[in-house]
Amino acid sequence: MSLRYAYNTNGTANHRLDDAIDLIADAGYQGVALTLDIHHLDPYAENWVQEAQRVSSRLQRLGLGSVIETGARFLLDPKAKHEPTLVSGDASGRARRIGFLKRAVDIAVILHSEAVSFWAGVPKPGIDREEAKVWLADGVAEIVAYARKHGVVACLEPEPGMLVETLDDFAALNIEGLRLALDTGHCLVTGERDPAAAVAEFADVIGTVAIEDMVRGEHIHLPFGEGDMDVAGVLDTLDAIGFQRLVCVELSRESHRADVMVPRSLEYVQTCRNHKAEVNA
């Protein structure tokens with residue numbers, strides 16, 4: 001079975017959601033990684049249920065699968081990027097993040113999404129990291145239990161600079177039912193593992209995958225061919241482990257030229273796969 005690709009809507013921020021979905025579908029992707037945001041299926045809008053149902057119908061009509069992403073910058077707090085988080089010092093802030101992630105699960109149910117991806121957050125100065133780990137474990141367990149109850153796969157993404165930064169940090173959580181949201185580029189940032197080796201090592205727990213190019217040690221999502229990522233090697237390994245979920249292209253800095261980057265990115269990964277087929281022929 002060939003790999004299936006999606007494009008993350010955080011890289012289409014200057015498009016209306018319907019236009020972004022059409023752009024992704026027209027390029028030939030099999031799915032959408034939908035980053036819930038103020039302009040892309042706002043989970044706090046009064047009509048969020050109706051909007052989710054409408055988007056679900058559109059995706060089904062176009063034959064697109066989906067993954068729900070939760071990394072919007074100012075959705076919860078217009079004055080503080082990515083805050084509050086699962087490791088915020090204020091209990092009410094942590095509860096708000098948990099509530100948002102549960103809402104993301106609700107939307108995933110309506111959209112029949114493959115997974116919901118989320119991250120831990122960055123402990124602020126003065127926060128005891130050991131105490132933050134307890135907050136995180138409790139919050140993640142609550143989210144996983146809620147997702148399981150609704151038949152949704154909950155995936156935690158190790159993110160450079162956050163409390164869960166590496167794959168070892170993820171493994172240390174050891175929460176039953178939690179799956180891994182593997183952003184292969186992050187392996188290049190932290191230097192912890194070769195991206196393809198990470199795919200092979202964590203094959204049994206991967207719930208969703210993001211791919212892009214990155215320069216080693218720099219957390220900047222780059223178009224394919226502009227960094228140090230062995231894209232073909234990662235795709236070959238995903239193929240080798242029999243990965244059947246969406247492989248999500250994440251180019252969050254390319255919204256200003258999404259009309260070009262959405263089709264170009266798929267063409268790049270398809271070229272990688274076609275070359276592999278030609279070599280094996």
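Helix axes that meet at angles under 35 degrees count as roughly parallel. In this predicted model, the axes of helix H1 (residues 17-27) and helix H2 cross at roughly 15° and come within 11 Å. H1 and H2 are therefore roughly parallel to each other. Their crossing is right-handed. On the H1 side the contacts are made by Leu17, Asp18, Ile21, Asp22 and Ala25, and on the H2 side by Arg54, Val55, Arg58, Leu59 and Leu62.

A second helix pair is formed by H3 (residues 91-111) and H4 (residues 129-149), which pack with their axes 10 Å apart at an angle of about 25°. H3 and H4 are therefore roughly parallel to each other. The crossing of this pair is right-handed. Arg94, Ile98, Leu101, Lys102, Val105 and Asp106 are the H3 residues that meet H4, where the partners are Trp135, Gly139, Glu142, Ile143, Tyr146 and Ala147.

The strands come next. Strand S3 (residues 65-69) has five of its five residues buried, so the rest of the structure largely encloses it. Gly65, Val67 and Glu69 point one way from S3, while Ser66 and Ile68 point the other way; residues on both sides are buried.

S3 pairs with two strands, as listed here.

| Strand paired with S3 | Sense | Bridges | Residues facing each other |
|---|---|---|---|
| S2 (residues 31-35) | parallel | five | Val32 in S2 and Ser66 in S3 |
| S4 (residues 116-118) | parallel | two | Ser117 in S4 and Glu69 in S3 |

Between S2 and S3 the chain passes through H2 (residues 48-62), and this β-α-β crossover is right-handed. H2 is thus named twice in this account: in the crossover to S3 and in the packing against H1. S3, H3 and S4 also make a β-α-β unit, and it is right-handed. H3 likewise joins this unit and packs against H4.

Further along the chain, is His186 buried or exposed? His186 is buried, with a relative accessible area of 3%; the cut-off for buried is under 20%. This histidine lies in helix H6 (residues 184-190). Which residues does His186 contact, leaving aside its neighbours within four places in sequence? They are Glu157, Pro158, Glu159, Pro160, Met214, His219 and His221.

Technical notes: Residues are numbered from 1 along each chain as its sequence is written. This is a predicted model: local features need pLDDT of at least 70, side-chain atom pairs count only at pLDDT 80 or more; totals for chains, interfaces and linings use all residues. Side-chain values use heavy atoms; hydrogens and water are left out. Buried means under 20% relative accessible area, exposed over 50%, partly exposed in between (1.4 Å probe, protein chains only). Helices (H or I, at least four residues) and strands (E, at least two) are DSSP runs, numbered from the N terminus. Two strands pair if DSSP finds at least two bridges between them. A crossover is right-handed if, with the strands pointing away from the viewer, the path from the first strand over the helix to the second runs clockwise. Axes are lines fitted to C-alpha atoms, for helices over the stretch in contact, and angles run from 0 to 180 degrees between N-to-C directions. Angles under 35 degrees count as roughly parallel, over 145 as roughly antiparallel, 65 to 115 as roughly perpendicular and the rest as oblique. A crossing is left-handed if the near helix is turned anticlockwise from the far one by less than a right angle, and right-handed if clockwise. Contact means heavy atoms within 4.5 Å.
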